[in-house]
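Please open the model in your viewer and keep the selection panel at hand, since each stop on this tour begins with something to select.

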Amino acid sequence: MHFCVMLHWKIKGSGKEVLVLLHGFCEDHRVWYSLSDELQGFTLVQIDLPGFGESPVMEADLSIWAKEVDAVFKAEGIEQFHLIGHSMGGYVALAYAEAFPNQLKSLCLFHSTAYADTAEKVEARKKQVDFIQRNGVSPYVQQLIPGLFASDANRTLLEQQLAQAKEQSVVGLCAALEAMWARPDRTAVLLEAIYPVLLISGSEDTILSLEAQSELAAMPKQCSWTVLKHSGHMGMLEEPKLAAQVIKEFLARLA
Ligand code: MLT
């Protein structure tokens, strides 16, 4: 059977258990490289979401993005897997879990939330679209990326991430901002989850409060919650070894 797949993806490893990795805003599949090096023994499916990396821009609707992600699994013949989403990738993972709950073996929200944007956040995102359209990607990400890392962040790591963010496009960033402000609250996905959930947070994350993260951790029937002590919003880069260990221990408990 032939499947029409619009997205770009990369597979690493050939283990029995499949882990799908969805990157966050201003990122692409490369954000997972350090973590992937620590996740030996799994099949890792690293997908570029619409408008990022090598994937084309699509309609600003995370439910549509989730369907495009599903087309990758159909093309690869993957039926069941563990889904891990970083921040915006977590929003897509939740949209995916809402539409296709039976395909998930587990769900990991990595610095992400099931709450919708507040009215203030929506307004801020609209201003960001305006800024990006007038000034381009570089000045925008120059302001954004340093604040995603913990205060004592490794400069090389930060610069590397900034360089990758600068490669993203104006249309991709603007479509993603619109898709994020339009997304609904998906706390029901956590409350009704029929699979175990893992939350990974960062103690220095300035975007997600630990208080709100602890509310989310109380929602699923089965939930593990870890706070990375030396991470901001980028734990997969800031503490890849520890993050991988948390994920491996979570998966080992499911086996
Ligand atoms: C991300 O890292 O994907 C963003 O922080 C998501 C957001 O802006 O809500």
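The tour goes from the ligand to a helix, and then to two single residues.

Before selecting anything, bear in mind that this is a predicted model, and that the distances and areas below are computed from it.

**The ligand and its shell**

Select the ligand first, and then add the residues that surround it, namely Gly24, Phe25, Ser87, Met88, Tyr91, Arg125, Met180, Ile207 and His233. If you colour this shell by class, you should find 5 nonpolar, 3 polar and 1 charged residues.

Now look for the polar partners of the ligand's oxygen atoms, beginning with Tyr91, where an N or O atom of the side chain is 2.5 Å from an oxygen atom of the ligand. At Met88 the partner belongs to the backbone, a polar atom of which is 2.9 Å from a ligand oxygen, while at His233 a polar side-chain atom lies 3.0 Å from an oxygen atom of the ligand. How much of the 270 Å² that the ligand exposes when taken alone is buried by the protein? The protein buries 93% of that area.

**Helix H11**

Next, select residues 240-254, which form helix H11. Its end C-alpha atoms are 21 Å apart, and this agrees with the 21 Å that its 15 residues should span at 1.5 Å a residue.

Within H11, highlight the buried residues, which are Pro240, Ala243, Ala244, Val246, Ile247, Phe250 and Leu251. These residues lie on the same side of H11, because the arc they cover around the axis is only 155°. Turn the view to the face directed away from this buried side, and you will meet the exposed residues Lys241, Ala252 and Arg253.

**From Arg253 to Ser224**

Keep Arg253 selected and add Ser224, since the side chains of these two residues make a polar contact at 3.2 Å. Ser224 is part of strand E7, which comprises residues 223-228. Is Ser224 buried or exposed? Its relative accessibility is 17%, and buried means under 20%, so Ser224 counts as buried.

**Gln213**

For the last stop, select Gln213, which is found in helix H9, residues 210-217. With a relative accessibility of 2%, Gln213 counts as buried. Finally, draw a distance between the C-alpha atoms of Gln213 and Gly202, which are 11 residues apart along the chain, and the viewer should show a separation of 9.9 Å.

How values were computed
Residues are numbered from 1 along each chain as its sequence is written. This is a predicted model: local features need pLDDT of at least 70, side-chain atom pairs count only at pLDDT 80 or more; totals for chains, interfaces and linings use all residues. Side-chain values use heavy atoms; hydrogens and water are left out. A residue is near a molecule or strand if one of its heavy atoms lies within 4 Å of it. A polar contact is a pair of N or O atoms within 3.5 Å; within protein, one must be able to donate a hydrogen and the other to accept it, and residues adjacent in sequence count only if both atoms are side-chain atoms. Accessible areas come from the Shrake-Rupley method with a 1.4 Å probe; for residues, only the protein chains shown count as cover. Ala, Val, Leu, Ile, Met, Phe, Trp, Tyr, Cys and Pro count as nonpolar, Asp, Glu, Lys and Arg as charged, and the others, Gly among them, as polar. Helices (H or I, at least four residues) and strands (E, at least two) are DSSP runs, numbered from the N terminus. The expected span of a helix is 1.5 Å times one less than its number of residues. Buried means under 20% relative accessible area, exposed over 50%, partly exposed in between (1.4 Å probe, protein chains only). The arc is that of the directions from the helix axis to the C-beta atoms.
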